[in-house]
Amino acid sequence: MRRKIVMGNWKLNGTKESVEALLTGILPAAQATTTADVAVCAPDIFIDQVSRKLADTPIAWGAENNDVHTSGAYTGETSPTMLKEFGCTYVLVGHSERRQYHGESDASCAHKYALLQEHGLIPVLCIGETLEERESDRTNDVIRKQLAPVLNDLGVETLKNAVIAYEPVWAIGTGKAATKEMAQEVHAFIRQLIAEKSAEVAQGVQVLYGGSVKGANAVELFAQEDIDGALVGGAALIVEEFDAIIKAAG
Ligand SMILES: O=C(CO)COP(=O)(O)O
């Protein structure tokens, strides 16, 4: 039985005050759950604050991105070693917003993924199709292509220490989540692709769904066989919504 993960992705949001209030607000629900791991991925500037607040609590924290270098003349970047020093457990890799606005490719994502694992961090590899790709029946091809550098080049065993997030681009921030059937179908396909390399790894890897997850749809999504939790954007900024999603994982 795979453990569920409820993970927030705050994106480019927050103030010192709102971070403090949000973490104070979600802590009781996170402390009460015995069936799910809870985590928040924050903008780098808040990670120190988050780490102080969440030390000795059951909520893990992480970053939304990392550089492919560990140090050097790379202005504006944050390295995996820095994230590790500040207690991060997870780092998102290849979120569609980074692919879209920062030109990240499947190959560069695999590079980041490998570097994170080298430094003891858990990559959360984000994959998913656009609306156009879904409507032209290319969802499975896109998923296969996005997973290929990890599955074929880095190797299936690396997924023992990683999380996958299926986030259909058309469901992100639109209020239109995938139906439970649509999401389950892709999650099962992801697990099947992994099983072609290793049945054991496929059974163990946690595959989260992301895209307009809210308290109201979390229960039915989490009831699907291959959905092991959620990567939550907008609703992760609202205490009542994030609480409801944590409870849905229970
Ligand atoms: O991109 C997401 C999480 O990484 C999902 O965002 P929303 O939950 O706001 O749709």
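**Exercise 1. Helix H11**

Find which residues of H11 are buried, then work out what covers them.

*Solution.* Start with the helix itself: in H11, the buried residues are Phe242, Asp243, Ile245, Ile246 and Ala248. Keep in mind that you're looking at a predicted model. Next, look at what lies over those residues. The cover includes strand S1 (4-9) and helix H1 (16-32), along with S2, helix H10 (215-222) and S8.

**Exercise 2. The barrel**

In what order do the eight strands close into a barrel, and is the pairing parallel or antiparallel?

*Solution.* Go round strand by strand: the order is S1-S2-S3-S4-S5-S6-S7-S8, and the pairing is parallel. From one strand to the next, the twist averages 25 degrees. Now add a helix to the picture. Helix H2 (residues 44-54) packs on the sheet, where it touches strand S2 (36-42) and strand S3 (59-63). Compare directions, and you get about 165 degrees between H2 and S3.

**Exercise 3. Strand S6 and its partners**

Describe the two faces of S6, then say how many bridges join S6 to S7.

*Solution.* Take the faces first. In a regular strand, side chains alternate between the two faces of the sheet. In S6, Val163 and Ala165 sit on one side, Ile164 and Tyr166 sit on the other, and all of them are buried.

Then check the partners. Strand S5 (residues 122-127) pairs with S6 in the parallel sense over four bridges. S6 and S7 also run parallel, joined by four bridges. Zoom in on Ile164: Leu125 stands opposite Ile164, and in S7 the bridge partner of Ile164 is Val207.

Carry on from S7 (residues 206-210) and you reach S8, which runs parallel to S7 and is joined to it by two bridges. Here Tyr209 has Ala230 in S8 as its bridge partner.

**Exercise 4. Leu92**

Is Leu92 buried or exposed, and which residues does Leu92 touch?

*Solution.* First place the residue: Leu92 lies in strand S4 (residues 90-93). Now count. Leu92 has 27 C-beta neighbours inside 10 Å, so Leu92 counts as buried; the cut-off is 20 or more. Ignoring residues up to four places away in sequence, Leu92 touches Asn9, Cys41, Glu64, Asn65, Val124 and Cys126. For a sense of scale, try Leu193: from Leu92, Leu193 is 101 residues away in sequence and 21 Å away in space, C-alpha to C-alpha.

**Exercise 5. Around the ligand**

How many residues surround the ligand, and how do they divide into nonpolar, polar and charged?

*Solution.* There are 14 residues around the ligand, and the closest are Asn9, Ile172, Gly210, Gly233 and Gly234. Sort the shell and you get five nonpolar, eight polar and one charged.

Now bring in the record. An unreviewed UniProt entry places the feature "binding site" at Asn9, Trp10, Lys11, Gly173, Ser212, Gly233 and Gly234. These positions spread over 226 residues of sequence, yet they cluster in space, with a largest C-alpha distance of 13.9 Å.

**Exercise 6. Two glycines**

Why is Gly233 buried, and why is Gly173 partly exposed?

*Solution.* Locate both. Gly233 is in the loop between strand S8 (229-232) and helix H11 (239-248), while Gly173 is in the loop between strand S6 (163-166) and helix H8 (180-195).

Then use the counts. Gly233 is buried because 21 other C-beta atoms lie within 10 Å. Gly173 is partly exposed because 13 other C-beta atoms lie within 10 Å.

Finally, check contacts, leaving out neighbours within four places in sequence. Gly173 is in contact with Gly233 and Gly234. Gly233 touches Asn9, Lys11, Ile172 and Gly173.

Conventions:
Residues are numbered from 1 along each chain as its sequence is written. This is a predicted model: local features need pLDDT of at least 70, side-chain atom pairs count only at pLDDT 80 or more; totals for chains, interfaces and linings use all residues. A residue is near a molecule or strand if its C-beta atom, placed from the backbone, lies within 6 Å of it. Ala, Val, Leu, Ile, Met, Phe, Trp, Tyr, Cys and Pro count as nonpolar, Asp, Glu, Lys and Arg as charged, and the others, Gly among them, as polar. UniProt positions are given in the numbering used here, feature names are shortened, and annotations may be inferred rather than shown by experiment. A residue is buried if 20 or more other C-beta atoms lie within 10 Å of its own, exposed if 12 or fewer, and partly exposed in between; C-beta atoms are placed from the backbone. Two residues are in contact if their C-beta atoms, placed from the backbone, lie within 7 Å. Two strands pair if DSSP finds at least two bridges between them. Axes are lines fitted to C-alpha atoms, for helices over the stretch in contact, and angles run from 0 to 180 degrees between N-to-C directions.
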